[in-house]
Structure formats: C-alpha cells, structure tokens
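This briefing goes through one chain by topic, with side-chain pairs as the main subject. The sequence and the structure come first, and the notes follow.

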Amino acid sequence: MKERKKADMQNNIEKTKVKSKLKEIIMAQMENDEEIKFEEEKFSLDKVGYDSVKFVELIVEIEDTFQVAFCDEDLDLEKLLIFSELEKLLEKYVNNSDRE
C-alpha cells in the first residue's frame with residue numbers, strides 16, 4: 001500500500017514537472033509578453049499565434065527537451081493546439097520512456 005502511494009506521489013510530481021516545463025517552452029517561443037491562460041480547459045495555442053510552422057518548432061523543442069520522439073499518427077495539429085491535449089500526449093510519451 002505504501003509503495004503504491006509513493007508511486008502515485010511520484011507520478012503526480014512527474015506530471016507537475018512535465019506541465020511546468022511544457023509551459024516554459026511555450027513561453028520561451030512567444031514573441032511578446034502576452035499572458036497565456038494555460039489553466040483554461042480548452043486553451044488553444046492558436047489564440048497566441050501558433051500556426052503549423054510554429055507548432056512544428058514546438059514539437060521539435062519538446063522532443064529535444066524531453067528526449068522523446070512522437071509518432072506521426074499522434075501529431076494532430078487541431079487536437080494538439082489545445083494545451084491540455086498536448087500535455088496528455090507528452091505525459092504518455094514521458095511515462096513510456098521512463099519504463100524502458
């Protein structure tokens with residue numbers, strides 16, 4: 001029981017780190033100091049200037065930072081422009097790379 005709680009706590013810490021680093025990457029790519037409301041449930045990156053080119057740059061930066069490689073099938077621009085969807089996908093890849 002203790003080990004499961006410890007694993008759950010570790011998982012929550014990892015999720016927080018992933019989300020925090022992902023926000024940091026996005027903020028670094030921004031060309032202005034526009035406030036980004038990441039906590040909005042369906043916050044979309046296209047509201048702050050992300051287009052297909054900028055999205056590709058973001059994906060490359062994420063892959064480099066987290067040492068993951070997204071499958072082409074997972075790279076749905078419409079879906080992943082929503083921050084929470086991008087975060088979920090990244091967590092899936094980070095968690096899978098931790099198990100390897």
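**Briefing on the chain**

A salt bridge joins the side chains of Lys-79 and Glu-85, with 4.0 Å from N to O. The model is predicted, and every value below is computed from it. The chain has four helices and zero strands, and Glu-85 belongs to helix 4, which covers residues 83-99.

**Glu-85 and its partners**

- Glu-85 has a relative accessibility of 16%, so it counts as buried, the limit being under 20%.
- Lys-79, on the other side of the 4.0 Å pair, is partly exposed, with a relative accessible area of 44%.
- A salt bridge also forms between Lys-88 and Glu-85, at 3.4 Å from N to O.
- Lys-88 and Glu-85 are three residues apart, about one turn of the helix, and both sit in helix 4.
- Glu-85 therefore takes part in a salt bridge with Lys-79 and in one with Lys-88, although its relative accessibility of 16% puts it among buried residues.
- When neighbours within four places in sequence are set aside, the contacts of Glu-85 are Lys-79 and Leu-80.

**Other salt bridges**

- The count of salt bridges comes to six.
- One of them pairs the side chains of Lys-19 and Glu-39, at 3.2 Å from N to O.
- This pair links distant parts of the chain: Lys-19 is in helix 1 (residues 2-29), whereas Glu-39 is in the loop between helix 1 and helix 2 (52-66), and the two are 20 residues apart.
- Lys-19 has a relative accessible area of 23% and is partly exposed.
- Glu-39, at 57% relative accessibility, is exposed, because the class begins over 50%.
- Salt bridges link Lys-19, Lys-23 and Glu-39 into a network.

**Aromatic rings**

- Three aromatic pairs are present in the structure.
- In the pair of Phe-38 and Phe-43, the ring centres are 5.8 Å apart and the planes stand at 65°, so the arrangement is edge-to-face, a class that starts over 60 degrees.
- The rings of Phe-38 and Phe-83 have centres 4.7 Å apart and planes at 55°, so this pair is tilted.
- Phe-38 and Phe-83 tie together distant parts of the chain, 45 residues apart: Phe-38 lies in the loop between helix 1 and helix 2, and Phe-83 lies in helix 4.
- Through these ring pairs, Phe-38, Phe-43 and Phe-83 form a cluster.
- Are the members of this cluster buried or exposed? Phe-38 is buried at 9% relative accessibility, Phe-43 is buried with a relative accessible area of 4%, and Phe-83 is buried with 1%.

**A charge over a ring**

- Which residue lies over the face of Tyr-50? Lys-54 does, at 5.5 Å from the ring centre.

**Glu-91 in helix 4**

- Glu-91 is another residue of helix 4.
- At 11% relative accessibility, Glu-91 counts as buried.
- Apart from neighbours within four places in sequence, Glu-91 is in contact with Lys-15 and Val-18.

**The chain as a whole**

- Read from the N terminus, the order of elements is α-α-α-α.
- What share of the 100 residues is buried? The buried share is 33%.
- Of the contacts between residues at least 6 apart in sequence, 58% join residues at least 24 apart.
- The chain exposes about 7,100 Å², and carbon and sulfur atoms supply 47% of that area.

Terms used: Residues are numbered from 1 along each chain as its sequence is written. This is a predicted model: local features need pLDDT of at least 70, side-chain atom pairs count only at pLDDT 80 or more; totals for chains, interfaces and linings use all residues. Side-chain values use heavy atoms; hydrogens and water are left out. Buried means under 20% relative accessible area, exposed over 50%, partly exposed in between (1.4 Å probe, protein chains only). Contact means heavy atoms within 4.5 Å. Accessible areas come from the Shrake-Rupley method with a 1.4 Å probe; for residues, only the protein chains shown count as cover. Rings of Phe, Tyr and Trp (its six-membered ring) pair if their centres lie within 6.5 Å; planes under 30 degrees apart count as stacked, over 60 as edge-to-face and the rest as tilted. A charge sits over a ring if NZ of Lys or CZ of Arg is within 6 Å of the ring centre and within 35 degrees of the ring normal.
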